[in-house]
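Student: I would like a close look at one part of this model, the open sheet. Please take me through its strands and what packs on them, then add what else stands out.

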Amino acid sequence: MLKIKKSSLQQSFSKLKNTKVLVIGDLILDEYLIGSVERISPEAPVPVVWVRDEKQTLGGSGNVVQNLTSIGVKGIVFGRIGDDKAGENLERILLSNSVDKEDLVLLKSKTIPTILKTRIIASHQQVCRVDREEIVPLTTAEENEILVQLKAKIKDASAVILSDYDKGYLTPSLIQSIIGVCNAEKKIVTVDPQVSHFFLYKNIHIMTPNHHEAGKALGRKLTTDAEIENACREIAKELTPDAMMITRGEKGMSIYERTTDRFYHIPTVAKEVFDVTGAGDTVITTYTAFVASGMSIGEAALVSNVSAGIVVGKLGAATVTKTEIEEALQNLGYLDEQT
């Protein structure tokens, strides 16, 4: 059974405050309208939601930043927003999440609005979601501007996360250029992928698709351990990462170390699944942060699996704390008390 020494965990915790992770991808503003339903509309057979509370929070790659903040890791943020109120709010929330002004590299578009997703919640259930977005790829000039700023910021980062929601920021050419810059600077790159870009993420540290995404990319269903293992080897042969991770919902996750041809199949630890929103962000964030702080691939994967099990028991794109991680590892028997 895979375990983490308590001394190793504490050592990683102490290193996190000096760890800086560069997050680059699609920024989204998540809005929640929260209320109750007491009647059906006379205008149409739909519930009338009496809104009692509302909040805005970071979505997309912004949720990765929130997850970093929650475990005490500083973020350097690259993304695109619109020249609008939603963009102002998104920037304000990023700054409130311990992102320094000089580490906020935002491309502000005059023509493309900030992506805004509004979720209407009644009695802890999502009634509907309203999306406002325009998916337009970056121009070559914008890509070049981003690369200039990336080369200036990369030296301050311990690792780089590509958070790809396929909203136009991470274009195929920019993805390849970013990885090239990171490899030249010997910075690990982790990727939360999109199927449309799946085989572009070559020479990275790890990619973390779910089993549906990996199966769609390969053109077949992935259900059994053997099917997952074959998929990991096939993808790794094409992309040559250090490792592959496939998250598997109620079956947990599987991790493949390419250099040793070794697999870890880690069962899910979620007691109750309340909301899976943002669970993938938590997985890649915690994995990246703990690898950057010195953990092995297997240990960091175990932490990320436990973290995902915690956040799916919360409403919305939730985060996890170091205290919650340690308590979960302890309660599940994953923490080795011996030094």
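Tutor: The sheet comes first, then a second group of strands, then some side chains.

This is a predicted model. Its open sheet has nine strands, in the order E6-E5-E2-E9-E10-E11-E12-E13-E14. The pairing is mixed. Strand E6 (104-109) and strand E14 (262-266) stand at the edges. Each has a single partner strand, so one side of each is left without a neighbour in the sheet. Helix H3, residues 85-96, packs on this sheet and touches E5 and E6. The direction of H3 makes about 180° with that of E6. Helix H9, residues 297-311, packs on the sheet as well. H9 touches E12, strand E13 (253-257) and E14. Its direction makes about 165° with that of E13.

Now take E2, which spans residues 20-25. In the sheet order, E2 stands between E5 and E9. Five bridges join E2 to strand E5 (residues 74-82), and the two run parallel. Two of the partners can be named. Val 23 has Val 77 as its bridge partner in E5. Lys 20 has Lys 74 as its bridge partner in E5. On the E9 side, E2 pairs with residues 159-163, again in the parallel sense and over five bridges. Val 23 stands opposite Ile 161 in E9. So how is Val 23 placed? It has Val 77 as a bridge partner in E5 and faces Ile 161 in E9.

How many of the residues of E2 are buried? Six of its six are, and the strand is mostly covered. Lys 20, Leu 22 and Ile 24 point one way from E2. Val 21, Val 23 and Gly 25 point the other way. All are buried.

Next, strand E7, residues 116-122. Seven of its seven residues are buried. Both faces are covered. Leu 116, Thr 118, Ile 120 and Ala 122 lie on one side, and Lys 117, Arg 119 and Ile 121 on the other. E7 pairs with strand E3 (residues 27-40) in the parallel sense, over seven bridges. There Glu 31 stands opposite Thr 118. E7 is also joined to strand E8 (residues 125-132) by seven bridges, and these two run antiparallel. Arg 132 in E8 is the bridge partner of Leu 116. E7 and E8 form a hairpin with two residues between the strands. In that hairpin, Ser 123 takes a positive phi near 50°.

Back to the E12 end. Thr 240 is found in the loop between helix H7 (225-239) and strand E12 (243-247). Thr 240 counts as partly exposed because its relative accessibility is 32%. Leaving aside neighbours within four places in sequence, Thr 240 contacts Asn 203, Ile 204 and Arg 258. Its side chain makes a polar contact with the side chain of Asn 203, at 2.7 Å. Thr 240 is 218 residues from Leu 22 in sequence and 22 Å away in space, C-alpha to C-alpha.

Last, the rings. The count comes to three aromatic pairs. One of them is Tyr 256 with Phe 263: the ring centres are 4.6 Å apart and the planes at 25°, so the pair is stacked. Tyr 256 and Phe 263 are buried. Two charges also sit over rings. Arg 52 lies over the face of Trp 50, at 4.1 Å from the ring centre. The charged end of Lys 55 sits over the ring of Tyr 32, 5.5 Å from its centre.

Definitions and conventions. Residues are numbered from 1 along each chain as its sequence is written. This is a predicted model: local features need pLDDT of at least 70, side-chain atom pairs count only at pLDDT 80 or more; totals for chains, interfaces and linings use all residues. Side-chain values use heavy atoms; hydrogens and water are left out. Helices (H or I, at least four residues) and strands (E, at least two) are DSSP runs, numbered from the N terminus. Buried means under 20% relative accessible area, exposed over 50%, partly exposed in between (1.4 Å probe, protein chains only). Contact means heavy atoms within 4.5 Å. A polar contact is a pair of N or O atoms within 3.5 Å; within protein, one must be able to donate a hydrogen and the other to accept it, and residues adjacent in sequence count only if both atoms are side-chain atoms. Rings of Phe, Tyr and Trp (its six-membered ring) pair if their centres lie within 6.5 Å; planes under 30 degrees apart count as stacked, over 60 as edge-to-face and the rest as tilted. A charge sits over a ring if NZ of Lys or CZ of Arg is within 6 Å of the ring centre and within 35 degrees of the ring normal. Two strands pair if DSSP finds at least two bridges between them. Axes are lines fitted to C-alpha atoms, for helices over the stretch in contact, and angles run from 0 to 180 degrees between N-to-C directions.
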